[in-house]
Amino acid sequence: MTTALRVLIKGGGVAGLTAARSVLHYVPNAKVTLFEARPSCQWQADRGVGLWNMAVRRLFELGLPLSTGRQHAHATPPASYRSIDGVWLSKCSSHLASKVRVLTLRENSLLQLLKHPNVHYRYQTAVQNVMASRKDDDNDCGDGITVKLETGEVLDGDICIVASGGGTSAETKTSCCWNDSISGIVPSTTNNEPLAMCGREGPFETLVSAGLRFAVVPLDAESFFWFATFPENENTELLSVEQAMEKVKQFNCHVPISALLEATDPESLVVRRTYSAATAAAAATTKLIPPDYAGPRIITIGDAENLLSNNLAQGASVAVEDGYMVGRLVGSLNNPKDLDNVKKIFRRKRKARIAACRTMNQFTQLISEYPQISKLMHYVPAALNANIFDASLVYSLGGKEAISEI
Ligand SMILES: Cc1cc2nc3c(=O)[nH]c(=O)nc-3n(C[C@H](O)[C@H](O)[C@H](O)COP(=O)(O)OP(=O)(O)OC[C@H]3O[C@@H](n4cnc5c(N)ncnc54)[C@H](O)[C@@H]3O)c2cc1C
């Protein structure tokens, strides 16, 4: 390639930042510009996220080893649901739990880590639209793309990576279902009953009632995060933090809620909205992106591409894997005009993984929607439960190869 590859990225969340890093890892002379609508890539209120093995391995390949240090914890797999009376609805075996421990860390730490000195970050710069553009004869990369910013500025590039998240635009709200969730971080300075309990038992997720889930997860050596996901919100308005906290206070489960809430850093409280797999049939047809984005050089990744509900804690992992893959594919091109094929290959390579995630999402969603399953679980031997859950978890994580030690 005689001219440097021009890569434009819409969105600076986990997917966009990973993609930028991966492109530069595989094409060191690429010119990468990332547009982020917010004033920085950091979230105002931080939260904990978990990364599964495959994503941790991908970050390792990009030169970001996450498996040592005190910034994170190793947690046993989430989506191990208990009913409020303590019955395990789904729980993998301790053998598998030791192999597929989830690495938990603060999302802002991950975003900070992903930043690359050679990326041109443009903050408070929202992309209005992205379109395929006509051939530029001086450019040996062939046809390109044009990005229009909300300021009216227009930029040309060779490829555009759309990583603008799930979004909650009016258009998407009408075509799929959404769950609101609130999360909070309990910092290291406290040592009270719920923390001691979490420390003993690792992360757990409790079904408080149909569709209502509450989880507490170790975050690093001393702190924890918790989140509550509410049943589908009929309202178009996102719940406020106050409304969500009121709901959490009413929870009737074995966790000492009031002590946990008291110990929570108020600055960390945040409500976000995610897609609900309750309408998984819509997932394949619902498009979060405008039809203009159909061009072969406009590649959608992360939440913008994959409608996954957050009941398996795989969204950030999938965002990392997507970002990694797009960079690697771009780097593998022998002929720059092959950029026209990257999207097709990307989708083909990611299809099975996303389908497996969705299937597992639906499985856990089913458990979550019907807590009465707990009555039946009294009759299911623990070993059989573990066998079923082990098999589904391995499948959803990308097969045995994906869960081997890092
Ligand atoms: C409460 C909760 C807990 C979760 N916990 C976990 C977990 O433990 N593990 C896990 O794997 N996943 C978890 N997830 C899911 C995970 O956080 C997401 O799947 C992941 O962050 C998606 O990353 P993304 O980069 O695709 O999108 P986002 O993080 O949404 O980033 C999109 C970015 O694009 C920007 N943007 C949007 N529009 C424009 C525009 N027009 N122009 C420029 N920029 C734009 C946005 O400002 C944003 O910065 C959780 C989700 C929730 C709600």
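A strand here is a DSSP run of E residues, at least two long, and strands are numbered from the N terminus. With that in hand, welcome to the tour; please keep in mind that this is a predicted model.

**Stop 1: W178**

Select W178, which sits in strand β12, covering residues 178-186. Is W178 buried or exposed? Its relative accessibility is 5%, so W178 counts as buried. Now add L238 to the selection: 60 residues separate W178 and L238 along the chain, while their C-alpha atoms are 9.6 Å apart.

**Stop 2: the whole chain**

Zoom out and colour by secondary structure. You should find 13 helices and 17 strands in the chain. Switch on a surface next: the accessible surface comes to about 17,700 Å², and carbon and sulfur atoms hold 52% of it. Of the 406 residues, 56% count as buried. A contact map is a good companion to this view. Among contacts in the chain with a separation of 6 or more, 77% are between residues 24 or more positions apart.

**Stop 3: the ligand and its shell**

Now centre on the ligand and show what is around it. How many residues surround the ligand? There are 33, and the closest are E36, R47, G50, D303 and A316. Sorted by class, the shell holds 12 nonpolar, 14 polar and 7 charged residues.

Colour the shell by domain, and you will see both represented. Domain 1 (1-41 + 115-167 + 275-358) and domain 2 (44-103 + 168-274 + 370-406) each supply at least three residues.

Next, display distances from the ligand's oxygen atoms. One entry for your list is the side chain of E36, where an N or O atom lies 2.6 Å from a ligand oxygen. At A15, a backbone N or O atom is 2.9 Å from an oxygen atom of the ligand. For E107, the distance from a side-chain N or O atom to a ligand oxygen is 3.5 Å.

Hide the protein for a moment and calculate the ligand's surface: taken alone, the ligand exposes 1,000 Å². Bring the protein back, and 89% of that area is buried. Which elements give two or more residues to the shell? They are α1 (14-26), β3, β16 (270-275) and α10 (315-331). Of these, α10 gives the most, with 4 residues.

**Stop 4: E36 and its surroundings**

Stay with E36, in the loop between β2 (31-35) and β3 (48-51). With a relative accessibility of 6%, E36 counts as buried. Select its contacts, leaving out residues up to four places away in sequence: G11, G12, G13, C41, R122, Y123, Q124 and T125.

From that list, pick Q124. Q124 belongs to the loop between β7 (120-122) and β8 (127-133). Most residues other than glycine have a negative phi. In Q124, phi is positive, near 50°. Is Q124 buried or exposed? At 59% relative accessibility, Q124 counts as exposed, whereas its contact partner E36 is buried.

**Stop 5: helix α2**

Select residues 53-61 to bring up helix α2, which is mostly covered, with 7 of its 9 residues buried. Those buried residues are N53, M54, A55, V56, R57, R58 and L59. Then step along to G63, which follows α2 and has a positive phi, near 85°.

**Stop 6: two loop residues and their distant partners**

Go to S90, in the loop between β5 (81-83) and α3 (94-99). Its relative accessibility is 0%, and therefore S90 counts as buried. Add D390, which is 300 residues from S90 along the chain; their C-alpha atoms are separated by 9.4 Å.

For the last selection, try P336, in the loop between α10 and α11 (339-369). P336 counts as buried because its relative accessibility is 10%, below the 20% cut-off for buried residues. Pair P336 with T3: the two are 333 residues apart in sequence, and their C-alpha atoms are 9.9 Å apart in space.

Terms used. Residues numbered from 1 in each chain as written. Predicted model: local features only at pLDDT ≥ 70, side-chain atom pairs only at ≥ 80, totals over all residues. Heavy atoms only, no water. Buried < 20%, exposed > 50% of the residue type's maximum accessible area, 1.4 Å probe, protein only. Contact = heavy atoms within 4.5 Å. Near = heavy atom within 4 Å. Polar contact = N/O pair within 3.5 Å; in protein donor to acceptor, adjacent residues only side chain to side chain. Areas by Shrake-Rupley, 256 points an atom, 1.4 Å probe, with all protein chains shown as cover. Nonpolar A, V, L, I, M, F, W, Y, C, P; charged D, E, K, R; others polar. Domains from an automatic or database assignment.
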